[in-house]
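Trainee: I would like to learn how to read strands, loops and buried residues in a model. Could you take me through one?

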Amino acid sequence: MIPIDTTNMCSHLQRKLFNKDGEYHRLWHAIQDDPELTAVVRSRQLHVYRGGKKIMVLAGKAAPKIIREDRICGMLASSASTVSLEPLLSEDREQFILDNQWAFRYGAQIEFGFLDKRTTEGDEVISRHTIEKSIDDENAETYRIVQDGNYVGGVVFKIDKETAKGELELLFVSPEVHGCGIGQMAWREVERMHPEIRVWECITPYFEKRNIHFYVNRCGFHIVEFWNKHQRGPEVPAEEADNWSADDEMFVFQKVIIPGT
């Protein structure tokens, strides 16, 4: 998205957009991230367009105006909605696995194309075995992400209380609600649940640009290692060989929590 001249923008609207706790802060980030959107300041308000057609107007004190229905408009409602984590129940396990596979498959299709053989040959991007192994680990905590009573994703992570280290195994959001800030709110809830953790770590494939953007720019992780043919990752257990190999290119992320920040 092209830069926006905010010189004449209402000061109340600036606080809503740019302050971290502002009502429209997540919406502002979503506007910035969407290459199809443009915006301009007129009469101290922010007018947002998609493909040259106005979709909404944001004001400082007045209520926002939705001119044309658009997926980004859903964030106006989600700004006031709540996201929580509910422990995975045994009767929901199968749906959790299917939702996880669909979210990962959709991400690969967006990256490689819906007709690419890597996304159309029937093999899942993430295997059932890998998901179940993460869920069943004795140190794992598994939750469904809930927004306003609806299941919209899931998260699995492991906690090592002795070392104060957490490993994020899986985090996915339903493609139908991508871009609404749900993943970021879910991650904040994970951190809130475990303030004792000082280092979080996760791994993601090199091609998952959405994930890289999410972890680095939204959640505060840093890339600490890149596994590739010149810097190989750990040896892969035999039971995981059908899902990934030591030759796969992967990024390792870490987030160090500094007490009091």
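Mentor: Start with a strand pair. In this predicted model, strand β2 (residues 45–50) and strand β3 (residues 53–58) run antiparallel and are joined by five bridges.

Trainee: Which residue stands opposite Lys54 in β3?

Mentor: Tyr49 does. Now widen the view to the sheet. The strand order is β1-β2-β3-β4, the sheet is open, and the pairing is antiparallel. The edges are β1 (37–42) and β4 (65–66). Each has a single partner strand, so one side of each has no neighbour in the sheet.

Trainee: Which loop holds Arg44?

Mentor: The loop between β1 and β2. Check its backbone as well. Arg44 is not a glycine, yet its phi is positive, near 70°.

Trainee: Is Arg44 buried, partly exposed or exposed?

Mentor: Read the relative accessible area. Buried means under 20%, and exposed means over 50%. Arg44 has 45%, so Arg44 is partly exposed.

Trainee: Where else should I look for a positive phi?

Mentor: Go to the hairpin of β7 and β8, with four residues between the strands. Ala164 lies in that loop. Its phi is positive, about 55°, although Ala164 is not a glycine. Ala164 counts as buried because its relative accessibility is 17%.

Trainee: How many bridges join β7 to β8?

Mentor: Eight. Strand β7 covers residues 150–160, strand β8 covers residues 165–173, and the two run antiparallel. For one facing pair, take Gly154 and Phe172 in β8.

Trainee: Do β8 and β9 run parallel or antiparallel?

Mentor: Parallel, with three bridges between them. One bridge partner pair is Glu167 and Glu201, the latter in β9.

Trainee: What unit do β8, helix α7 and β9 make?

Mentor: A β-α-β unit, and a right-handed one. Helix α7 spans residues 182–193. To judge the hand, point the strands away from you. Right-handed means that the path from the first strand over the helix to the second runs clockwise.

Trainee: Let me stay with β9. What does Thr204 touch?

Mentor: Place the residue, then list its partners. Thr204 lies in strand β9, residues 199–205. Its relative accessibility is 2%, so Thr204 counts as buried. Leave aside the neighbours within four places in sequence. Thr204 is then in contact with Asn211, Ile212, Met250, Phe251 and Phe253. With Asn211 there is also a side-chain polar contact of 3.1 Å.

Trainee: How many disulfides does a search of the whole structure find?

Mentor: Zero. Test a cysteine by its sulfur distance. A disulfide needs two cysteine sulfur atoms within 2.5 Å. For Cys202, the closest cysteine sulfur is in Cys219, 8.5 Å away, so the two are too far apart for a bond. Check burial separately. Cys202 is buried at 2% relative accessibility, and Cys10 is buried at 10%.

Trainee: And the whole chain? How many helices and strands does the protein have?

Mentor: Eight helices and 11 strands. Of its 261 residues, 44% count as buried. The protein exposes about 14,600 Å², and carbon and sulfur atoms supply 50% of that area.

Trainee: What share of contacts joins residues at least 24 apart?

Mentor: Mind the base of the percentage. It covers contacts between residues at least 6 apart in sequence, and 59% of these join residues at least 24 apart.

Note on methods
Residues numbered from 1 in each chain as written. Predicted model: local features only at pLDDT ≥ 70, side-chain atom pairs only at ≥ 80, totals over all residues. Heavy atoms only, no water. Buried < 20%, exposed > 50% of the residue type's maximum accessible area, 1.4 Å probe, protein only. Contact = heavy atoms within 4.5 Å. Areas by Shrake-Rupley, 256 points an atom, 1.4 Å probe, with all protein chains shown as cover. Polar contact = N/O pair within 3.5 Å; in protein donor to acceptor, adjacent residues only side chain to side chain. Pairing = 2+ DSSP bridges.
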